Amino acid sequence: MSRRERGPEPGPGGAEAAAEDAEPAEPAEPESPDQCLSLLPWDRFSAWLHCVCVVGFDLELGQAVEVIYPPHSKLTDKEKTNICYLSFPDSNSGCLGDTQFCFRFRRSPGRKVSLCCFLDQLDRDLPVYLKKDSAYYYGYVYFRQVRDKSLKRGYFQKSLVLISKLPYVHLFRTMLKQIAPEYFEKSEAFLEAVCSDIDHWPPPVPGKVLQLPIMGLIMKLRIPTYRDKPGTTPIVQNMHQADAHISMALPTVHEVDLFRCFCPVFFHIQMLWELVLLGEPLVVMAPSPAESSETVLALVSCISPLKYCSDFRPYFTIHDSEFKEYTTRTQAPPSVILGVTNPFFAKTLQHWPHIIRIGDIKLPGEVPKQVKVKKLKNLKTLDSKPGVYTSYKPYLNKDEEIIKQLQKGVQQKRPTEAQSVILRRYFLELTESFIIPLERYVASLMPLQKCISPWKSPPQLRQFSQDDFMKTLEKAGPQLTSGLKGDWIGLYRHFLKSPNFDGWFRSRQKEMTQKLEALHLEALCNENLVFWSQKHTEVETVDLVLKLKNKLLQADREHLPVKTDTLKKLQTHINDIILAMPDDLQDILLKTGTT
């Protein structure tokens with residue numbers, strides 16, 4: 001996880017805190033790609049993908065990885081096994097023709113994570129929910145199954161799979177749609193040409209309009225940054241190319257069609273938002289990996305801009321290396337969202353508290369019927385009727401307005417993209433109404449700026465007190481921004497025990513601690529350090545120089561939010577102090593780095 005994660009901006013109320021008093025640091029400009037990315041082959045490719053795999057079906061071996069490209073890409077045997085099983089739909093899915101879906105799996109432990117300084121900088125500029133998780137890979141699949149009498153099995157079955165740490169589902173889905181059909185016709189040489197194109201892409205810089213050429217097509221897109229206002233998506237315009245390339249503008253790199261995914265459980269969207277927010281164990285039972293993966297991704301995204309901090313598997317099979325861990329009955333189900341298609345799971349996961357059963361996802365042409373929440377005992381097989389099977393009672397009263405608005409859209413044949421925009425805005429406003437009181441309270445834990453002395457260690461953040469936070473809700477709770485009634489206090493109490501709160505609070509804690517370090521640095525820079533050194537002993541001055549050098553290293557290592565001018569000023573102070581010292585000490589101190 002990166003060093004700075006950002007959630008929604010805190011609301012008013014933290015004005016006295018040091019964070020509010022200080023001038024915002026100017027974000028450091030990332031170096032140019034050529035400065036940071038060495039020009040070795042495959043460096044640019046690695047910024048986007050780990051590798052490309054072709055998974056085929058062998059009559060004797062079953063699923064097998066036939067090709068890994070580039071050839072030097074490293075995958076452990078366990079990773080290859082996971083990729084093999086996750087790249088094919090379960091046999092009961094009956095996916096004839098072409099199918100696209102995605103999966104997520106754990107990287108093997110002990111693998112070296114290699115990210116150069118520039119790519120690390122890019123990750124820090126992303127919104128928290130798009131930051132890479134170095135413990136996981138995504139697999140983006142284009143699976144083809146067609147009848148072929150020339151083969152013993154009677155079917156041609158093959159998957160082209162992109163393995164990446166990036167959660168850019170829409171980008172890679174679009175890309176596979178362009179290259180996979182042609183690959184199945186042309187084979188290896190074509191795949192090599194595709195990978196060569198990717199190795200000429202610019203790095204995935206957040207906030208810039210990127211042009212990515214791929215086999216005669218140019219994809220234009222913009223990766224969001226943490227500075228973007230939540231819920232806004234700058235439009236990437238299609239432009240006429242002077243050459244023969246066709247241009248395609250992608251409206252998003254990561255979003256799924258929310259309305260299409262939630263349509264089968266239309267009347268329960270608010271309850272599902274609560275379950276995801278609280279990190280409750282959830283299973284999505286679907287007829288195919290396409291439906292299961294899209295629904296899981298839609299669930300994870302519904303609490304944006306909060307990051308979903310537990311594990312989630314868009315497509316999960318009985319062969320997965322975590323199958324036993326996640327299906328054991330000897331302990332309570334873990335905080336995870338699983339997408340499954342195998343009927344076996346209807347029995348294996350009967351003890352899970354919340355199960356979503358969906359049928360085929362189709363573009364809604366009629367108003368969905370009201371479906372009651374069903375009892376878990378009624379779920380026997382994957383043939384059970386679509387719906388939500390749970391005994392969970394939502395904390396908040398149902399918002400009838402959003403249901404009416406979306407129903408009206410269906411009746412008026414409003415495009416599904418427009419319905420998704422409405423639904424996304426609804427989830428965003430709900431999440432922000434919930435999180436702003438927490439942001440406001442946590443901002444008040446920041447020490448006042450007057451407490452920061454250059455000659456003392458930076459002050460500590462005050463402790464989070466659940467009771468103190470609850471007291472703030474009476475006057476500054478979610479009622480200020482949301483008209484929804486219900487047991488907000490109960491929802492907060494439950495949330496404070498969840499992995500999502502733990503992840504969010506750790507992130508804010510780290511960010512504020514770094515802010516205190518940055519303010520301490522600025523306080524040091526505003527002192528006359530040369531004058532101080534003249535009034536103190538050589539030993540004390542040497543100690544100060546070493547501490548200041550350590551501060552500079554810390555600022556660079558932890559990417560503290562400090563203005564470039566402040567760092568230059570501190571370096572000047574260090575040089576001036578050293579030059580005022582005896583020659584023998586000057587030589588030692590100029591050469592001395594610190595830890």
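These questions and answers cover the strands and helices of a predicted model.

Q: In what order do the five strands of the open sheet lie?
A: The pairing in this open sheet is antiparallel. Strand S2 (62-69) and strand S3 (97-106) are the edge strands, each pairing on one side only. Neighbouring strands are turned by 25 degrees against each other on average, direction ignored. The order is S2-S1-S5-S4-S3.

Q: Which residue in S4 is the bridge partner of phenylalanine 105?
A: S3 pairs with strand S4 (residues 136-147) in the antiparallel sense, over ten bridges. The partner of phenylalanine 105 in S4 is tyrosine 137.

Q: Which strands does helix H7 touch as it packs on the sheet?
A: Helix H4 (residues 77-86) packs on the sheet and touches strand S1 (51-58), S2, S3, S4 and strand S5 (155-164). Helix H7 (residues 188-198) also packs on the sheet, with its direction at about 50 degrees to that of S2. The strands that H7 touches are S1, S2 and S5.

Q: Is H6 roughly parallel or roughly antiparallel to H7?
A: Helix H6 (residues 169-186) and H7 pack with their axes 7 Å apart, at an angle of about 150 degrees. Angles over 145 degrees count as roughly antiparallel. Therefore H6 is, relative to H7, roughly antiparallel.

Q: How many nonpolar residues are in the contact of H6 with H7?
A: From H6, the residues are Met175, Ile179, Glu182, Tyr183 and Lys186. They meet Glu188, Phe190, Leu191, Val194 and Ile198 in H7. By class, three residues are charged and no residues are polar. The nonpolar residues number seven.

Key:
Residues are numbered from 1 along each chain as its sequence is written. This is a predicted model: local features need pLDDT of at least 70, side-chain atom pairs count only at pLDDT 80 or more; totals for chains, interfaces and linings use all residues. Side-chain values use heavy atoms; hydrogens and water are left out. Two strands pair if DSSP finds at least two bridges between them. Helices (H or I, at least four residues) and strands (E, at least two) are DSSP runs, numbered from the N terminus. Axes are lines fitted to C-alpha atoms, for helices over the stretch in contact, and angles run from 0 to 180 degrees between N-to-C directions. Contact means heavy atoms within 4.5 Å. Angles under 35 degrees count as roughly parallel, over 145 as roughly antiparallel, 65 to 115 as roughly perpendicular and the rest as oblique. Ala, Val, Leu, Ile, Met, Phe, Trp, Tyr, Cys and Pro count as nonpolar, Asp, Glu, Lys and Arg as charged, and the others, Gly among them, as polar.
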